[in-house]
Amino acid sequence: MSAKPNGAFNGMTRVVDISIIVCMAAVACCLPVLHGAESVSEPAWRALPLITDGKVNSSWTHVGWGGFVVDNGALRTECDPRGLGLLVYRKERFGNCQIRVVFKSKEAKSNSGVYVRITDGILDQVNNPGAAFERDAAGKPSKESMEKMQASADREEGAWYAVHHGYEVQIAGGGDPLHGTGSIYSLAPTKPVPSKAGEWRTMVITLNGERVLVDLDGQRVTSFDPTSPNLPPRKQWHEPKREPKRPKAGYIGLQNHDPGDVVWFKDVSVRSLPAGGAK
C-alpha cells in the first residue's frame, strides 16, 4: 500500500534545502576573504643572536675602538676614549628586508647608530682600528690627534670605513633634523620625535631597492632615496662621503661612540618585506 505524501513534511524539507544552499553560498563568499587575509599576513621576524653564554655572540665581530658588553640581558656600548667602533654582524649580508632594533639610551644625546648596506671591505678592517684620540683631563682630543683622526677617517680606516661605505641610521637625539634620532646621518632628515631617554624604543629600518625608510615607535620619520638629485652636500669631515655607491645587499652594524655615550640593544631582528613591498 502506498502512503500519500505529507504536505507539511515536504514544505519543511524545502525550507531545510534552501537553508543549506544559503549557508553554502555564505561559506563560499567567505573563502576568498579568508584566503586573501592569509596571503597578506606579514612575514615573521627572525632574531639575530646577540648573547651566548653571557658573552657577545660570535656571529658579531668588532671593528675599531671600544666594544660591547653584556648587561642585564642586553648588549651595552663600551666606549673608548681613543675613538669610535662598530659591532658588525658578519654572518650574512642583507638585501631587501626590514630590520627591527630595540634600543635604550642613557641620555637623549647618547651617541650611537645602526649601520646598514655596508660593503664587504668592512671585514678587512677588523685588525685596523685606525688613528686614536689623545685627550686631556676634560676629555677633549688634542689638536694633533684630531688631525690624525681626520686623516684616518679620510683613508676610511677602522669603523670609518662603514661611515663612507654604508648608511648610519642615527640614534643620538638633539641637533638638527639631518643629525637627529632616525635620520640617515647627514643625508636624510628625520621628523621631530620626543626624547625618551631611559626607555626602550623600537626602530624599524626598511631596505627596499635603493630606498631606506625608518619608522620609530610606529611612526614613519625618515624616507631616503640616494638617487635623488637633491641630496644635501657634505659639510663636515666626519660626515659620510657621498660618492661611494652602497650595495643593495650589505652588512649591518651597531655603533659605539665616545665615553659616556651609553646605549643598550636588546633585540635585532630581520624579516622579508611584507607582500607588495613597503610604502
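This passage describes the charged pairs, aromatic contacts, pockets and cavities of a predicted model.

Salt bridges come first. A search of the whole structure returns 16 of them. Side chains of opposite charge can pair when their charged atoms come close. One such pair is R82 with D80, whose closest N and O atoms lie 2.9 Å apart. The two partners differ in burial class: R82 is partly exposed, at a relative accessible area of 38%, whereas D80 is buried, at 12%. D80 counts as buried because its value falls under the 20% limit.

A further salt bridge joins D120 and R93, with 3.3 Å between the closest N and O atoms. This contact links distant parts of the chain, the partners being 27 residues apart. D120 belongs to the loop between strand 9 (113-118) and helix 2 (143-154). R93 belongs to the loop between strand 7 (85-89) and strand 8 (97-105). D120 is partly exposed, at 42% relative accessibility. R93 is also partly exposed, at 45%.

R220 pairs with D215, and here the closest N and O atoms are 3.0 Å apart. R220 is partly exposed, with a relative accessible area of 29%. D215 is buried, at 15%. Elsewhere, salt bridges that share partners connect D71, R76 and E78 into one network.

Aromatic contacts follow. The whole structure holds five aromatic pairs. Y89 and F94 make one of these, with 6.1 Å from centre to centre and 35° between the planes. The pair is classed as tilted because its angle is neither under 30 degrees nor over 60. Both rings belong to buried residues: Y89 has a relative accessibility of 5%, and F94 has a relative accessible area of 4%. W60 joins Y89 and F94 in one aromatic cluster.

W160 and W237 form another tilted pair, with centres 5.3 Å apart and planes at 40°. This pair also links distant parts of the chain, over a separation of 77 residues. W160 lies in helix 3 (residues 160-164). W237 lies in the loop between strand 13 (219-224) and strand 14 (251-256). W160 is buried, with a relative accessible area of 8%, while W237 is partly exposed, at 26%.

One contact combines a charge with a ring. The charged end of K104 sits over the ring of W264, at 5.0 Å from the ring centre.

Pockets are considered next. The largest has a volume of about 340 Å³. Its lining comprises 19 residues. Those nearest the pocket centre are L84, W160, W237, H238 and H257. Both partners of the W160 and W237 aromatic pair are thus named among the residues nearest the centre of the largest pocket. Helix 2, helix 3 and strand 10 (167-170) each contribute at least two lining residues. By class, the lining of the largest pocket divides into 10 nonpolar, six polar and three charged residues.

The second largest pocket encloses about 230 Å³ of space. Its lining has 22 residues, of which G173, G174, T181, V193 and S195 lie nearest the centre. The class division of this lining is eight nonpolar, eight polar and six charged residues.

Closed spaces complete the survey. The count comes to two cavities of 30 Å³ or more. The largest cavity holds about 50 Å³ of space. Its lining consists of Y115, V163, G166, Y167, E168, Y185, L187 and P240. Six of these residues are nonpolar, one is polar and one is charged. The charged one is E168, because Glu is counted in the charged class. Similarly, G166 supplies the polar residue, because Gly is counted among the polar ones.

The second largest cavity holds about 30 Å³. W65, G83, L84, P129, A131, M149, A159 and W160 line this space. Seven of these residues are nonpolar and one is polar, with no charged residues. L84 and W160 line the second largest cavity and are also named among the residues nearest the centre of the largest pocket. W160 is the buried member of the tilted pair with W237.

Note on methods:
Residues are numbered from 1 along each chain as its sequence is written. This is a predicted model: local features need pLDDT of at least 70, side-chain atom pairs count only at pLDDT 80 or more; totals for chains, interfaces and linings use all residues. Side-chain values use heavy atoms; hydrogens and water are left out. A salt bridge is a side-chain nitrogen of Lys or Arg within 4 Å of a carboxyl oxygen of Asp or Glu. Buried means under 20% relative accessible area, exposed over 50%, partly exposed in between (1.4 Å probe, protein chains only). Helices (H or I, at least four residues) and strands (E, at least two) are DSSP runs, numbered from the N terminus. Rings of Phe, Tyr and Trp (its six-membered ring) pair if their centres lie within 6.5 Å; planes under 30 degrees apart count as stacked, over 60 as edge-to-face and the rest as tilted. A charge sits over a ring if NZ of Lys or CZ of Arg is within 6 Å of the ring centre and within 35 degrees of the ring normal. On a 1 Å grid over the protein atoms alone, a cavity is a set of points where a 1.4 Å probe fits but cannot get out, and a pocket is an open set with protein on both sides within 12 Å along at least five of seven lines; lining residues have an atom within 4 Å of a point. Grid points are joined across faces, edges and corners, and a volume is the space filled by probe spheres set on the points.
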